[in-house]
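Some side chains meet partners from far along the chain. Look at the model below, then follow the contacts one by one.

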Amino acid sequence: MQNETGASTPQDPLRSIGKGVKMLKSHEIELLKSGKLKNDTHPGATSVWLHADSSEPGEGQTNVYRHMGDIEFGFLMQNNQLPDTKPYQTIVEGPIGRKYWEKDLNGTKWVDSNPTTVVEFTTTKELVAELFAIQHKPEDGCLSMGLGSKGGGGLPLFNASLLDGRTTWRVVRPSSRLAQPGDHALVLSGHGIGYDGRIKAGASGQGGNI
């Protein structure tokens, strides 16, 4: 698109979604408008598919991934902490970890926890090695680590790293679908996005138990 001077002007990313924009949550709209998420929804889809490329960890860092439902993600946005409500609170390291969780969103693997968002956590290799030593297990072609009480119980260590800044997070794959009967709404207000992808919000909604 060009303006009257012939210079190109940026296209509104919401226009490419059309009526599907009504399915997006407030934070997804903000991330899309800011360029932190991109639209890759195919024509005729009943869900809106957004994504961000995985980040490149710095020296001594690595990425771990986790999917979550609306309640858990809302808690993360509001508190920059993971809630102590999941038995396993599984995280999986590296590209294979992201692929593992995205299967739950795209229907390749069925789960009953109603995941809506895949989150990338960039943290230290030292912390991941510590969590891995506490507990890990084979999980559908990868090795997972459980932060919850039925896993290794490393949630306090992980949350402490979020508080002191050793771990940051960002959304890399949300899925917004047409609302179905029985769905719980995620309500967001007063949000603001930091450079590391954190979003502050008040939230309520639905989550799973993985």
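Phe158 counts as buried, at 0% relative accessibility. Buried means under 20% relative accessible area, exposed means over 50%, and partly exposed lies in between (1.4 Å probe, protein chains only). Phe121 is also buried, at 0%. This is a predicted model: local features need pLDDT of at least 70, side-chain atom pairs count only at pLDDT 80 or more, and totals for chains, interfaces and linings use all residues. Residues are numbered from 1 along each chain as its sequence is written, and side-chain values use heavy atoms, with hydrogens and water left out.

**Aromatic pairs**

Rings of Phe, Tyr and Trp (its six-membered ring) pair if their centres lie within 6.5 Å. Planes under 30 degrees apart count as stacked, over 60 as edge-to-face, and the rest as tilted. The count by this rule is three aromatic pairs. One of them joins Phe73 and Trp169. This pair is edge-to-face, with 5.9 Å centre to centre and 80° between the planes. Phe73 lies in helix α2 (residues 70-79) and Trp169 in strand β8, so the pair ties together parts that are 96 residues apart in sequence. Helices (H or I, at least four residues) and strands (E, at least two) are DSSP runs, numbered from the N terminus. Phe73 is buried, with a relative accessible area of 0%. Trp169 is buried too, with 1%.

Phe121 and Phe158 form an edge-to-face pair as well: 5.2 Å centre to centre, with 75° between the planes. Phe121 belongs to strand β5 (residues 117-124) and Phe158 to helix α5 (residues 155-163), so this pair ties together parts that are 37 residues apart in sequence.

**Another contact of Trp169**

Which residue joins Trp169 by a polar contact of 2.9 Å between side chains? The partner is Asn80. A polar contact is a pair of N or O atoms within 3.5 Å; within protein, one must be able to donate a hydrogen and the other to accept it, and residues adjacent in sequence count only if both atoms are side-chain atoms. Asn80 sits in the loop between α2 and β4 (90-93). Its relative accessibility is 11%, so Asn80 counts as buried.

**Salt bridges**

Side chains of opposite charge can pair when their charged atoms come close. A salt bridge is a side-chain nitrogen of Lys or Arg within 4 Å of a carboxyl oxygen of Asp or Glu. The structure holds ten salt bridges. The table shows some, including their N to O distances.

| Acidic partner | Basic partner | Distance, N to O |
|---|---|---|
| Asp40 | Arg173 | 3.3 Å |
| Glu72 | Arg66 | 2.8 Å |
| Glu102 | Arg173 | 3.8 Å |

Glu102 lies in helix α3 (residues 94-106) and Arg173 in strand β8, so their pair ties together parts that are 71 residues apart in sequence. Both Glu102 and Arg173 are buried. Salt bridges that share partners join Asp40, Arg98, Glu102 and Arg173 into one network.

Now take the salt bridge between Asp40 and Arg173. Asp40 is in the loop between β1 (38-39) and β2 (47-51), and Arg173 is in strand β8 (residues 168-177), 133 residues apart. Is Asp40 buried or partly exposed? At 34% relative accessibility, Asp40 counts as partly exposed. Arg173 has 15%, so Arg173 counts as buried.

Glu72 and Arg66 make another salt bridge. Glu72 is buried, with a relative accessible area of 1%. Arg66 is buried, at 1% relative accessibility.
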